[in-house]
Amino acid sequence: MSAISFTAARTAALGVVMTIAAGTAHAATQPPAIQPEAKPNIVADYTIYIGGFMAAEGSIDATLEQGAYLVRSNLGVAGMPARLYNARWDMTSEGNLAGEKLVPTRFAFRSDEKGKVKEREITYDASGTPTPVFDPPEEDLIDILPFERRNALDPVSALLLPVADNGNPCNRRIPVFDGKRRYDLHLEYERDDQVTTRDNGYSGNAVVCSVRVMPRTGMKRGSFTTMLQQRENTRIWLAALDGEDIYIPVRIQVRTPIGAAVMDVVKLRHETPSADEKIDTAMK
């Protein structure tokens with residue numbers, strides 16, 4: 001796989017993999033502060049394979065505390081592509097868990113692609129309208145009006161914390177704004193399933209949702225975008241955390257022009273914060 005083809009696959013496939021799964025959002029309120037050094041309740045390591053070859057690996061950790069959340073994600077090129085293309089992406093999201101809704105208040109993104117560093121921060125006002133700031137400034141950005149951005153989730157909130165909606169994490173429309181693009185994710189219930197992910201990272205019950213990506217503003221139209229709008233091309237496997245009304249993705253599969261892109265959880269640790277002595281479990 002050449003550096004050019006991997007870059008195209010990463011932009012299209014990884015971008016979708018990292019934004020599928022979430023609950024709907026509403027107007028932001030100030031959450032209790034979570035200190036950056038707070039011990040995570042959830043830690044997940046994962047790999048991404050494209051066309052049968054490892055393309056990236058990373059981890060996600062989340063701290064859930066008194067109705068607030070802090071989620072950190074990192075992703076780096078791995079396997080054969082790493083010999084041709086050196087890149088890493090780090091993201092952080094903070095916000096509220098308000099009943100069955102996620103309310104992001106801040107999102108930060110940093111990319112380092114072949115030594116070229118870019119940073120992005122999104123903050124949310126009291127109405128739930130996100131405002132992005134880029135360093136260095138981005139040129140030729142498409143103007144996405146406030147009413148289009150309002151009540152949209154950031155990519156990290158969308159990735160790790162889909163909150164159950166009356167016990168069903170599917171059958172919902174998810175608005176997403178990543179600072180450049182505004183699109184909707186349409187999740188539809190497909191089936192209940194038993195799944196074992198790569199390296200036995202998770203083995204157990206999961207709910208399978210089909211996903212359609214519907215462009216709104218700022219998303220280039222093309223053959224791959226058209227593929228993502230079709231119901232059968234993207235699926236997500238969601239598993240419930242024991243003792244909490246939260247589902248997390250344990251597998252995401254996206255059909256791409258160069259083969260399937262598959263994100264699998266390869267190690268999962270969930271510690272119950274309410275226990276006197278926290279218990280480490282692999283959810284198996």
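The dialogue below walks through several features of a predicted model.

Trainee: Before I look at any single residue, how many helices and strands does the protein have, and what share of its residues is buried?

Mentor: The secondary structure comes to four helices and 14 strands, and buried residues make up 51% of the 284 residues in the protein. For the outer surface, the protein exposes about 12800 Å², of which carbon and sulfur atoms supply 49%.

Trainee: What do the contacts say about residues that lie apart in sequence?

Mentor: Taking contacts between residues at least 6 apart in sequence, 57% join residues at least 24 apart.

Trainee: How should I read a strand, and which strands are joined to S11?

Mentor: In a regular strand the side chains alternate between the two faces of the sheet. In this model, strand S11 covers residues 234-240 and is mostly covered, with five of its seven residues buried. Strand S10, residues 203-217, is joined to S11 by four bridges, and the two run antiparallel; strand S12, residues 247-256, is joined to S11 by seven bridges, again in an antiparallel arrangement.

Trainee: Which residues stand opposite leucine 238 of S11?

Mentor: Valine 207 stands opposite leucine 238, and leucine 238 also stands opposite proline 249 in S12, which gives you a residue to follow from strand to strand on the screen.

Trainee: Turning to alanine 44, is that residue buried or exposed, and where is its place?

Mentor: Burial is judged by relative accessible area, with under 20% counting as buried. Alanine 44 has a relative accessible area of 4%, and therefore alanine 44 is buried; its place is in strand S1, residues 42-50.

Trainee: Which residues is alanine 44 in contact with, if I leave aside its neighbours within four places in sequence?

Mentor: With those neighbours left aside, alanine 44 is in contact with Gly58, Ser59, Ile60, Lys267 and Leu268. As a further example of separation along the chain, alanine 44 and isoleucine 248 are 204 residues apart in sequence, while their C-alpha atoms are separated by 9.8 Å.

Trainee: How many aromatic pairs does the structure hold, and over which rings do arginine 149 and arginine 198 lie?

Mentor: The structure holds zero aromatic pairs, but two arginines can be examined against rings. The charged end of arginine 198 sits over the ring of tyrosine 49, 3.7 Å from its centre, and arginine 149 lies over the face of phenylalanine 177, at 6.0 Å from the ring centre.

Note on methods. Residues are numbered from 1 along each chain as its sequence is written. This is a predicted model: local features need pLDDT of at least 70, side-chain atom pairs count only at pLDDT 80 or more; totals for chains, interfaces and linings use all residues. Side-chain values use heavy atoms; hydrogens and water are left out. Buried means under 20% relative accessible area, exposed over 50%, partly exposed in between (1.4 Å probe, protein chains only). Contact means heavy atoms within 4.5 Å. Accessible areas come from the Shrake-Rupley method with a 1.4 Å probe; for residues, only the protein chains shown count as cover. Two strands pair if DSSP finds at least two bridges between them. Rings of Phe, Tyr and Trp (its six-membered ring) pair if their centres lie within 6.5 Å; planes under 30 degrees apart count as stacked, over 60 as edge-to-face and the rest as tilted. A charge sits over a ring if NZ of Lys or CZ of Arg is within 6 Å of the ring centre and within 35 degrees of the ring normal.
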